[in-house]
Amino acid sequence: MKRGRKMKVAVFGDSISAKIDMKTWTEDFLNRMGFLGQVELFAVPGEDTSDALKRLDQVVAAQADYNYIFFGANDAAEHHDVSVVDFINNLTTFVTALGADKTSILTPSYVNEVAIAQTHEMPGRSNANVAQYVAAAKTVADETGAKIVDLNHAMTIYPGSDEFVGPDGIHFSQDGYELVTSLIAVDVKSRELAKTHV
């Protein structure tokens with residue numbers, strides 16, 4: 001993609017995606033990689049994929065070059081009534097509407113269970129629950145042809161996983177935002193390179 005044309009990237013998610021760092025740092029990483037990127041955030045704190053169905057039309061209307069679906073923190077919480085099957089169905093609806101050829105799904109992120117137990121701010125969340133939704137996201141990618149960005153793996157393979165999340169055990173620290181935005185930027189670059197190597 002030429003530097004002169006601004007690429008539009010949409011991030012569709014919950015409170016983790018709502019922070020302005022998600023936009024500014026993704027744009028910064030893209031710029032460093034040679035792409036002029038404009039990131040639009042379609043993120044509402046507290047929402048799960050069932051809640052977000054009503055906002056899907058807004059994301060479709062944005063007609064982004066690339067879409068990133070990043071849910072799971074709330075879907076995997078015990079007090080949210082979103083089963084793994086519901087999660088699969090909702091993600092499939094998102095990918096189908098947005099177009100698998102330009103959509104990537106980020107796997108739900110690692111949670112710090114000790115911090116969750118200590119603060120009581122984000123109850124009902126565990127990595128065992130999250131793992132089911134990570135597997136579900138991968139299933140949707142396999143079945144639809146969307147790409148998967150395995151954020152959960154990147155967070156858990158690193159020995160200091162807790163560095164990526166803040167005091168409540170769910171929301172991201174600066175390190176967490178640097179990780180997720182760099183992964184998005186690398187995924188965009190890989191998609192662009194794939195176009196030139198057809």
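**Exercise 1. Determine what share of the chain's contacts with a separation of 6 or more joins residues 24 or more positions apart.**

Solution. Contact means heavy atoms within 4.5 Å. Among contacts with a separation of 6 or more, 78% are between residues 24 or more positions apart. The structure is a predicted model, in which local features need pLDDT of at least 70 and side-chain atom pairs count only at pLDDT 80 or more, while totals for chains, interfaces and linings use all residues. Residues are numbered from 1 along each chain as its sequence is written, and side-chain values use heavy atoms, with hydrogens and water left out.

**Exercise 2. Describe the order of helices and strands, and state how the radius of gyration compares with the globule rule.**

Solution. Step one is the count: the chain has nine helices and five strands. Helices (H or I, at least four residues) and strands (E, at least two) are DSSP runs, numbered from the N terminus. Step two is the order, which along the sequence reads β-α-α-β-α-α-β-α-β-α-α-β-α-α. The radius of gyration is 16 Å, close to the 16 Å from the globule rule for 198 residues, so the chain is as compact as a globular protein of that length. Here the radius is taken over C-alpha atoms, and the rule is 2.2 Å times the number of residues to the power 0.38. Along the principal axes, the C-alpha atoms fill a box of roughly 50 × 30 × 25 Å.

**Exercise 3. Give the buried share of the chain, its accessible surface and its charged side chains.**

Solution. Of the 198 residues, 52% are buried. Buried stands for under 20% relative accessible area, exposed for over 50%, and partly exposed for the range in between (1.4 Å probe, protein chains only). The accessible surface is about 8900 Å², and carbon and sulfur atoms hold 54% of it. These areas come from the Shrake-Rupley method with a 1.4 Å probe; for residues, only the protein chains shown count as cover. Turning to charge, there are 17 positive and 27 negative side chains, with the centres of the two sets 12 Å apart. Lys and Arg count as positive and Asp and Glu as negative, leaving out His and the chain ends. Each charge is placed at NZ of Lys, CZ of Arg, CG of Asp or CD of Glu.

**Exercise 4. Identify the residues that touch the most other members of the largest nonpolar core, and list the contacts of Phe172.**

Solution. A nonpolar core is a set of buried Ala, Val, Leu, Ile, Met, Phe, Trp, Tyr and Cys residues joined through side-chain atoms within 4.5 Å. The largest one has 58 residues, and Tyr68, Phe172 and Val180 touch the most other members. Beyond four places in sequence, Phe172 touches Ile16, Phe70, Ser109, Leu151, Met155, Phe164, Val165, Gly166, Tyr177 and Val180.

**Exercise 5. Find what is unusual about the phi of Gln63, and place this residue in the chain.**

Solution. Most residues other than glycine have a negative phi. Gln63 is not a glycine, yet its phi is positive, about 50°. This residue sits in the loop between α4 (56-62) and β3 (66-70). Gln63 is exposed, at a relative accessible area of 65%.

**Exercise 6. Locate Ala73 and Pro108, classify each as buried or exposed, and list their contacts beyond four places in sequence.**

Solution. Ala73 belongs to the loop between β3 and α5 (84-98). Its relative accessibility is 15%, so Ala73 counts as buried. Its contacts beyond four places are Asp14, Ile16, Arg125 and Ile170. Pro108 belongs to the loop between β4 (103-106) and α6 (113-119). At 1% relative accessibility, Pro108 is also buried. The partners of Pro108 beyond four places are Phe71, Gly72, Phe87, Val130, Tyr133, Val134, Ala137 and Asn152.

**Exercise 7. Give the C-alpha distances from Pro108 to Thr139 and to Leu193, then describe the setting of Leu193.**

Solution. Pro108 and Thr139 are 31 residues apart along the chain, with their C-alpha atoms separated by 13 Å. Leu193 and Pro108 are 85 residues apart in sequence and 26 Å apart from C-alpha to C-alpha. Leu193 is part of helix α9 (residues 174-196). With 41% relative accessibility, Leu193 is partly exposed.
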